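Me: I would like a close look at a single part of this structure, namely one place where two helices pack together. Please go through it step by step, and add a little on the aromatic rings afterwards.

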Amino acid sequence: MDSHNRAADDEPLRIQVPGQASAQLLSATGAHAANGLGQWSWAVFEWARNPYVILITIYIFSPYFSNVVVGDPVRGQAIWGNINGVAGFFIACLGPVLGAIADTGGRRKPWIAFFVALMVPAIFALWWAMPGGEGLSILTIAVLIVLIAVAFEFSAVFHNSMLPAVAPHERIGFLSGLGLALGNAGALLILCFMLWAFVLPGVVGWGFVPEAPLFGIDAGAHENSRISGPIVAVWMFLFTLPLLLWTPDVSGSGVSVGTAIRRGIGSVVGTVKKLRHYRNIAIYLAARMFYNDGKTAVLIFGGVYAAGVFGWDVLTLTVYGIVLSVFAVAGGFFGGWLDDTFGSKRAIIVSIGGTCIGLVLAISMTPTEMFFFIPYDPATAPPVWNLPFFATLPELMYLIVVLIVAICITAAYANSRTMLARIAPVSKMSEFFGIYALSGTATAFLGPLLVGVATHMFQSQRLGFASILILLGLGLVGMFFVQEERAEAVD
């Protein structure tokens with residue numbers, strides 16, 4: 001047993017903090033759970049990873065790449081979509097196999113270290129993604145983004161598959177939610193720092209804001225956007241170390257990598273052949289595929305809808321991202337509470353149902369109306385406040401509604417992986433988390449495609465955004481047919 005698990009054995013586990021001794025409660029695998037330091041170190045890996053999603057793929061780098069590096073927002077969005085499509089193809093093909101390899105070879109942390117070693121220099125290199133043909137070419141940037149995206153998802157496969165062995169069975173929902181909460185908290189911290197250090201200087205005259213961007217960052221050369229790459233890279237490297245140092249890994253099987261690959265591929269083939277036995281898991285993964293695509297589309301197009309309908313600028317969108325990240329932290333804890341209190345299935349139903357309601361309320365807001373039927377005249381109505389963002393009542397109401405959506409979406413992420421940890425066979429956990437990654441990425445194009453087709457067909461941003469309800473609804477209905485019970489492994 002790992003030395004970090006040899007803590008005091010007498011007290012029952014409560015909320016643990018780093019360095020606190022852990023009772024030797026059993027995990028879902030039947031072995032002793034990790035101690036408090038090991039559990040928190042597992043969760044801190046989300047703190048290390050999640051800023052990549054927020055800063056690079058949503059709020060900072062992706063708009064910069066599309067609008068400035070490519071120079072044409074329409075062409076840039078198409079290229080960004082193709083990049084993520086290529087990454088999704090590799091993830092779909094290799095995710096289940098890698099999970100099966102982990103189950104065969106045993107240890108997860110060496111794989112996590114390998115994928116982080118790929119991501120860190122690739123993310124750092126985004127500093128040289130310059131406009132006007134300088135620095136990295138668009139093709140090179142595309143290759144880097146594909147590499148990062150694939151490694152990011154594969155690291156999640158091995159990280160998620162550690163959860164059943166790390167957490168006591170009674171605390172698996174809490175620990176999953178804690179990880180998501182920490183991930184959003186880390187992204188929030190970096191966003192706030194970037195806003196204060198690089199975005200607001202020279203824009204506002206507030207006393208607590210520097211007069212010029214820190215560290216000699218040149219906003220005119222878009223360095224305030226490009227710096228997101230090095231910041232995320234260093235952050236990921238530093239905060240991956242606790243997982244590698246203090247979270248216990250399962251014992252290795254002693255087989256060679258080649259043998260693990262052969263056995264892993266054979267295991268995936270065998271699992272596919274035995275899908276009838278895993279019918280309940282298959283229904284769950286299918287339902288998750290739809291509602292996960294819907295959640296992703298809401299995240300992608302929430303800011304796009306606001307920017308198009310309300311005319312939000314970069315400053316407003318950055319503040320929007322910060323505020324949403326604050327409430328997403330709460331969503332992680334809310335999801336953990338839901339899961340531990342009502343079970344994973346009911347927690348997912350509540351989370352997805354709340355997202356559906358929030359989306360309907362969000363599309364009810366425009367500059368001239370609220371909740372579909374309450375008129376608003378921006379020409380005569382006074383501004384809500386003197387701040388340079390969210391100045392009108394519909395904008396503020398939209399923000400409030402989307403905050404509820406953010407809580408529900410983050411809760412659903414936490415509940416979803418906990419659900420699989422509760423129903424998948426323990427001996428095939430990584431393999432099923434590989435398939436879990438597949439179900440979350442194989443149809444990642446579906447949400448954006450649906451929104452694009454609906455927007456073009458109806459010539460309406462509102463109806464295009466509303467089309468996401470189809471995916472969320474399909475996933476929600478599917479969850480009613482899922483049973484929260486662990487499947488037996490078929491050999």
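Reply: What follows describes one helix pair, then one residue in it, then some aromatic rings. The model is predicted.

Two packed helices are described by the angle between their axes and the distance between the axes. Here the pair is helix H1, residues 36–59, and helix H5, residues 138–166. Their axes lie 11 Å apart, and the packing angle is about 155°. Angles over 145 degrees count as roughly antiparallel, so H1 is roughly antiparallel to H5. The crossing of the two helices, H1 and H5, is left-handed.

Which residues of H1 and H5 meet? On the H1 side they are Gly38, Gln39, Trp42, Phe45, Glu46, Arg49, Tyr52, Val53 and Ile56. On the H5 side they are Ile145, Ile148, Ala149, Phe152, Ser155, Ala156, His159, Met162, Leu163 and Val166. Sorted by class, the contact of H1 with H5 has 13 nonpolar residues, four polar ones and two charged ones.

One of the H1 residues in this contact is Glu46. Its relative accessible area is 6%. Buried means under 20%, so Glu46 counts as buried. Setting aside neighbours within four places in sequence, Glu46 is in contact with Pro51, His159, Gly179, Leu180, Gly183 and Arg417. Of these, His159 is also listed among the H5 residues that meet H1.

Now the aromatic rings. A pair of aromatic rings is described by the distance of the centres and the angle of the planes. The count comes to 16 aromatic pairs. One of them joins Phe193 and Phe198, with 5.6 Å from centre to centre and 85° between the planes, an edge-to-face arrangement. Phe193 is partly exposed, at 33% relative accessibility, whereas Phe198 is buried, with a relative accessible area of 2%.

Another pair, Phe334 and Trp337, is stacked: the centres are 6.3 Å apart and the planes make an angle of 25°. Both residues, Phe334 and Trp337, lie in helix H11 (residues 314–342), three residues apart, which is about one turn of the helix. Phe334 is partly exposed, with a relative accessible area of 29%. Trp337 is also partly exposed, at 48%.

Finally, there is an aromatic cluster made up of Trp111, Phe114, Phe115, Phe154 and Phe158.

Methods. Residues numbered from 1 in each chain as written. Predicted model: local features only at pLDDT ≥ 70, side-chain atom pairs only at ≥ 80, totals over all residues. Heavy atoms only, no water. Axes fitted to C-alpha atoms, helices over the stretch in contact; angles between N-to-C directions. Helix = DSSP H or I, 4+ residues; strand = E, 2+ residues; numbered from the N terminus. Parallel < 35°, antiparallel > 145°, perpendicular 65-115°, else oblique. Left-handed = near helix turned anticlockwise from the far one by under 90°. Contact = heavy atoms within 4.5 Å. Nonpolar A, V, L, I, M, F, W, Y, C, P; charged D, E, K, R; others polar. Phe/Tyr/Trp six-rings, centres within 6.5 Å; stacked < 30°, edge-to-face > 60°. Buried < 20%, exposed > 50% of the residue type's maximum accessible area, 1.4 Å probe, protein only.
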